[in-house]
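Grab a coffee and open the structure viewer. Here are a few exercises on pockets, rings and one loop residue, each with a worked solution.

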Amino acid sequence: MIPSALALFAASLTAATLSPLVQAAVPDTSPPIDFTRQIRPILSNHCFACHGLDAAAREADLDLTTFESATAPRRRGQQAIIPGDPEASRAWIRIIDPGDPMPPKAVHNALSDQQRHLIRTWIEQGASYEPHWAYVPPKRVPVPPPTHSSWSNDPIDRWISHRLQQERLQPAPEADSATLLRRLTTDLTGLPPTTAQLDAYLKNPDEAAWASAIDHSLASHNYAERMAMFWLDLVRFADTVGYHGDQAQHIWPYRDWVIDAFHSNMPFDQFTEAQLAGDLLDNPTQSQKVATAYNRLIQTSHEGGVQLKEYRAIYMGDRIRNASAVWMGATVGCAQCHDHKYDPYTMHDYYAMGAFFADIDDEEHLEDPYNGLNTSPTRRVPEMQVATDESNRKRAAIQMKIESARNAMSEAVAALTTDREQWAQDLLTDVEQRHTEDTLWVDDLADTGGHVQGDWNFQSGTDPLPHSGTAYRLQQSEGLIQHYTSEADREIKLKGDDLLYTWVYLSEEDPPNAVMLQFNADGDDWEHRAVWGDSSIGYGRRGNSWTGYQRKGDLPPLGEWVRLEVMASEVGLAEDATINGWAFTQHGGTVRWDRAGVESGGLTNEVQTALRATDRSEAQEALLATLQSAHSPEVQQHRAAVKSAERTLAQHDKSLPKTVYTRTLKTPRPTRILPRGDFLDESGELVEPAIPAFMGSLEVEDRPDRLDFARWLTTPIAEGGVGELTARVLVNRLWTMMMGVGLCPSLDDFGGQGRPPVHLELLDALAIDLVESGWDIKAMLRRIAMSDAYRQSSVPSLESVERDPENLLLARQSRSRLPAELVRDRLLSVSGLLVDKVGGPSVKPPQPPGLYQHLNFPPRKYKADQDERQWRRGVYVHWQRQFLHPMLKAFDAPSRVECTAQRPVSNTPLAALAMMNDPVAIAAARAMAQRVLEHAPGSTRDQLAWAMREATGRRPSNAEVDRLEQLLGSSLEHWRQTPAEAALVSGGREEAAKKAAWTHVCRTILNLHETINRD
């Protein structure tokens, strides 16, 4: 089981740390060296590539990853490391060798003097090793006593203040109340507080008000949208497929599922299960199926020449890299071609993890790449339609209308029974006096025009002779076959209850199972069929006859020409319908098809026989009932209402959004190790799904699946999982979102190449607390926000900056520019343009023409939304992997090709240009100017102060108002002299100079550093 495996792995290193040899050799003259924080990073960055865990790449058969291997006797009695004696240690001798040092000069990775000093001191102190912290189960240790009396008693504050005391640093004072509320709402919702919210909080900013502000933010749907940004980066969500043509895909319902999950505070273990394996749960709901779109977020190629095996390997690698990065903080993907050089992951581990995903059915586009996939959005089978609560309510209302109309029609039909005999006599008399008219549909030529489909095999035989003209159409098949015309140039307008017919000759030696006539009315309605024979023809088939599949009984006589005939009313054709399509269908056998047409004014022989019968059969009564109801205006009115409601239902269902999801293969694809990652080399061994071997095994009866893997990730260690290790990764990222820097600085790599935690004890405690809370993310964020550490000022002391420039010790809060989407959100919110609507398709804000001019397969143009959708939050902006929205790209949003745990933050001219010229920035400045002119009270100076507070949350100084007033004056003077330019800037000609001047001032305010910064 997992606990024992982890314990053994850790104990194998810990035992070496506590060996008598080590303890005896530790001198007392130097401060003790911390292996995890000081030595291991040096070994990992400079030594493990050649002397690490990858045995195939190991030089001189020297492994420096453990105490045993590093101190083991070697040839001629030498040892790489002799604890307590660097001068006799072969590794140290090579490190300081001026002619041939280690690392070799050729690799350009030389050790610094400080690093050499640390290694020497470490060897002198006994060369103690410690297990890599990330693979040691988190454990609780006694919380240190309170250090700063003003701070809370929560372990968060006690651990941080304890470390600051050790480093002889003082924490920063608490930030002012306005800054705190602005920081809080930005961190938790991505939006600044409104001025009204800020004023209400500032009236009494006590502990209760602070807790209430936290709870209000966490309850908001804006919180869920903010958290979705965080998660979508990790899982590399995008609206396009990435490779080749980068076509759009049906995927946005997954984004909405993520938002809903965070809003409802779904426990993270359930959140994990649903995404990795929702399809494997018992009776999965629509929501759980939508969640499985996670497995389909890989980049896919829809190029015609893709190689199945190549992309199968590529897709598997994508899934391994992402799952291990998101939940494990691990770089398992590095073991694709060789054992991991820095962590205990082997090639076998890599492919065994990939085998978990070998049951995902998503290769149709690889198996048939030429099947019209260069479209946008492209088809990514399987896809499902998604019904929302609102759409379900609409559907239920439509179904009620259908049911009501059907009941009314049934009552009207039942009422006809009393008049049937008189109606039958009147109809028979009328028909006997009528003049019939025969209109040809097709005979010796396929001359209807329109689309002609199937094999129109005209033959002129003598056995039998054609019934009409000079030829008939011979159709033979062992299964379903048909020939038909649609959208024909020849159209037949029905003149009442007409009779539709076709002459057929069914082979005695090879009869069909069934034959069918199918008619298209008014261009788009094929739901009119008559069937003779068995039920082998599936088109429109139901349990009982209906207008779309009218069962006419047994096959007609074999070996002779027979007229198949059906009344238009029997198959639901209205009296004024237009026939413009006709299909001739059979299942199996040999059938000769001849003249087809419409006879007006006549009745089928079957109907005439029923009308004249004195003792009718049930079938005859049913036939006449159908015919009578077709002649009844009241019944037809109700029938029209039914059809109208059914069309509305069909349109409703067709309009439902689609999304990709995970469908499980009955038999998973075999997974084998690919030597050197070569998809053409199939000599590697077959592997079954498994977790990394050094972490144990999954104790399940059958083949482990994705659900087992998902549960292993979140099950507590004591119960056989690695839940606390997963919690470490998640807590560290949540902490970073709130504090600007992680308890472990490496958000994406908890492995050997990552940086060790600065506050490991606190990280472990929070990880355990998260698991024990039932994976309650909101509770964890609330706890962090309530801490005094969170409420520190971000203004640093000189000593803090000099000694801890990265703020890893957390002696202050962090300052940073907002993420790209939140920069956009800030502009929209402050200007009043923001449309605060949750969910729905991704939006495309206006951009200059030509944005997508380089996109091909297929070529496409950027079609911007011109309505209110353009003002929605950044989380809903269309994510085109190859051509990311320019404003988002300028502010360091990732392409989402790979997992992004932490975005870079740059300061470039492109960002400044985007803030000055992007359409949303210009529109925001105009809208804010309009707000000032319409709502800001008082004098011009009051208006300027009002605008500053709206944007920054604080009241400006007199000097700042002076500068803004000067800018307003000079701008007004300039644009009075250039009215055309003023109209362009302001967006109109009425008071153009005044509006342009205020637009320029507002654009300046919106470009302030503090407007688009977190603190």
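**Exercise 1. Work out which helices line the second largest pocket, and which one gives the largest share.**

Solution. One thing to keep in mind throughout: this is a predicted model.

- Step 1: Look for helices with at least two lining residues; these are helix H13 (252-263), helix H15 (286-291), H19 and H23.
- Step 2: Pick out the largest share, which is six residues from H13.
- Step 3: Put that in context: the lining has 34 residues, and Trp252, Asp256, Thr388, Gly839 and Gly840 lie nearest the centre of this pocket.
- Step 4: Sort the lining by class to get twelve nonpolar, eleven polar and eleven charged residues. The volume of the second largest pocket is about 1,000 Å³.

**Exercise 2. Now do the same for the largest pocket: which helix supplies the largest share of its lining?**

Solution.

- Step 1: Start with the volume, about 1,500 Å³ for the largest pocket. Its lining counts 45 residues, and the closest to the centre are Thr547, Gly572, Arg639, Lys643 and Glu646.
- Step 2: List the helices that give at least two residues each: helix H19 (389-415), helix H22 (618-631) and helix H23 (633-655).
- Step 3: H23 has the largest share here, with eleven residues.
- Step 4: Check the chemistry: 17 lining residues are charged, 16 are nonpolar and twelve are polar.

**Exercise 3. Classify the aromatic pair of Tyr254 and Trp257: stacked or edge-to-face?**

Solution.

- Step 1: Ring centres must lie within 6.5 Å to pair. Across the model, that rule gives 38 aromatic pairs. For Tyr254 and Trp257 the centres are 6.3 Å apart, with 20° between the planes.
- Step 2: Planes under 30 degrees apart count as stacked, and Tyr254 with Trp257 is indeed a stacked pair.
- Step 3: Find them on the chain: both sit in helix H13, three residues apart, or about one turn of the helix. Tyr254 and Trp257 are both buried.
- Step 4: Zoom out to the aromatic cluster they belong to, whose members include Phe230, Trp231, Tyr254, Trp257, Tyr294 and Trp775.

**Exercise 4. Repeat the classification for Phe519 and Trp582, and say which strands they lie in.**

Solution.

- Step 1: The ring centres of Phe519 and Trp582 are 4.9 Å apart and the planes meet at 70°, so call this pair edge-to-face.
- Step 2: Phe519 is in strand E8 (residues 514-521) and Trp582 in strand E12 (residues 578-600), so the pair ties together parts 63 residues apart in sequence.
- Step 3: Check the burial: Phe519 and Trp582 are both buried.

**Exercise 5. Find which rings have Arg542 and Arg563 over them.**

Solution.

- Step 1: For Arg542, the charged end sits over the ring of Trp546, 3.6 Å from the ring centre.
- Step 2: For Arg563, go to Tyr501: the arginine lies over its face, 4.8 Å from the ring centre.

**Exercise 6. Describe where Ala57 sits and what it touches.**

Solution.

- Step 1: Ala57 is in the loop between helix H4 (48-51) and helix H5 (67-71).
- Step 2: The relative accessible area of Ala57 is 24%, so this residue counts as partly exposed.
- Step 3: Leaving out residues up to four places away in sequence, Ala57 touches Ala49, Cys50 and Lys341.
- Step 4: Now look along the chain: Asp339 is 282 residues away from Ala57, yet their C-alpha atoms are separated by 8.8 Å.

Key: Residues numbered from 1 in each chain as written. Predicted model: local features only at pLDDT ≥ 70, side-chain atom pairs only at ≥ 80, totals over all residues. Heavy atoms only, no water. 1 Å grid on protein atoms, 1.4 Å probe; cavity = no way out; pocket = protein on both sides within 12 Å on 5 of 7 lines; lining within 4 Å. Points joined across faces, edges and corners; volume = space filled by probe spheres on them. Helix = DSSP H or I, 4+ residues; strand = E, 2+ residues; numbered from the N terminus. Nonpolar A, V, L, I, M, F, W, Y, C, P; charged D, E, K, R; others polar. Phe/Tyr/Trp six-rings, centres within 6.5 Å; stacked < 30°, edge-to-face > 60°. Buried < 20%, exposed > 50% of the residue type's maximum accessible area, 1.4 Å probe, protein only. Lys NZ or Arg CZ within 6 Å of the ring centre and 35° of its normal. Contact = heavy atoms within 4.5 Å.
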